[in-house]
Amino acid sequence: MSEVTTTEDGSASDYEHLRRKRKETEGTAELAEVVDVWIGEHEVVCRFGFDWTSERVCRRYDLDSDRDVARLESLCETNGFDFEQAAHLEGTLVELAYTGDEWVPTAEAAYTDGEGGAVETFRAESRLLVRELATAPAVLRRGIERVRGLTMTQTIIGVVLVKKVAIVALLAYLLL
């Protein structure tokens with residue numbers, strides 16, 4: 001049997017350590033305050049603080065990565081800010097979820113591997129695809145702009161036509 005001795009200084013840190021370990025179970029969601037936001041040339045750094053620990057969670061967003069920009073954008077939108085107003089996140093409360101490895105804002109769930117629902121993930125991935133295609137050559141950009149300008153009726157007709165062409169192509173492939 002081992003004996004545990006604590007000093008007055010050590011008891012607070014031991015208590016905090018055990019409490020943090022209890023909170024760090026996969027799927028736990030906790031409110032955290034955005035302690036500070038640093039905006040640099042190529043990245044944005046947000047530090048989050050919980051009321052039950054003195055340690056800070058640091059999240060870095062690379063401004064050259066479409067996925068990181070989308071993550072930061074969803075974090076800002078969740079708190080009622082535009083992407084350009086990321087500095088105003090300081091002092092707001094954000095819900096963070098523990099994924100088993102790290103604390104991640106729940107607003108980013110769709111952009112995190114293995115997290116978020118199928119619909120959220122599909123929407124997030126399609127938004128990222130559109131952003132990537134928008135930086136493609138002019139022919140693709142014009143095509144994307146036309147697709148974005150379609151009405152709902154035109155979109156439905158287009159989907160039906162694409163499905164019919166796919167079925168005819170599949171039948172032709174199977175018969176020939």
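This section describes the confidence of a predicted model, followed by its annotated transmembrane region and the surroundings of Asn79.

The chain has a mean pLDDT of 78, with 76% of its residues at 70 or more. Confidence is highest in strand 2 (residues 43-49), where the mean is 92, and lowest in helix 3 (residues 118-134), where the mean is 65. Over residues 1-8 the pLDDT stays under 50, and the model has two contacts beyond four places in sequence for this stretch.

An unreviewed UniProt entry places a "transmembrane region" at residues 156-175. In the model, residues 156-175 are 100% helix and 0% strand, with 29 Å between the end C-alpha atoms. Leu175 lies in helix 5, which covers residues 152-175. The relative accessibility of Leu175 is 73%, so this residue counts as exposed, the cut-off being over 50%. Together with Ile167, Leu171 and Leu176, Leu175 makes a nonpolar surface patch of about 520 Å².

Asn79 is located in the loop between helix 2 (66-78) and strand 4 (93-98). This residue counts as partly exposed because its relative accessibility is 21%, and the class of buried residues ends under 20%. When neighbours within four places in sequence are left aside, the contacts of Asn79 are Leu89, Thr92, Leu93 and Val94. One of these contacts, Leu89, is ten residues from Asn79 along the chain, and the C-alpha atoms of Asn79 and Leu89 are 7.5 Å apart.

Methods. Residues are numbered from 1 along each chain as its sequence is written. This is a predicted model: local features need pLDDT of at least 70, side-chain atom pairs count only at pLDDT 80 or more; totals for chains, interfaces and linings use all residues. Side-chain values use heavy atoms; hydrogens and water are left out. Patches are made of residues with over 30% relative accessible area and no salt bridge: like charges are joined within 9 Å, nonpolar side chains (Val, Leu, Ile, Met, Phe, Trp, Tyr) within 5 Å. Accessible areas come from the Shrake-Rupley method with a 1.4 Å probe; for residues, only the protein chains shown count as cover. A salt bridge is a side-chain nitrogen of Lys or Arg within 4 Å of a carboxyl oxygen of Asp or Glu. Helices (H or I, at least four residues) and strands (E, at least two) are DSSP runs, numbered from the N terminus. Buried means under 20% relative accessible area, exposed over 50%, partly exposed in between (1.4 Å probe, protein chains only). UniProt positions are given in the numbering used here, feature names are shortened, and annotations may be inferred rather than shown by experiment. pLDDT is the predictor's confidence in each residue, from 0 to 100. Contact means heavy atoms within 4.5 Å.
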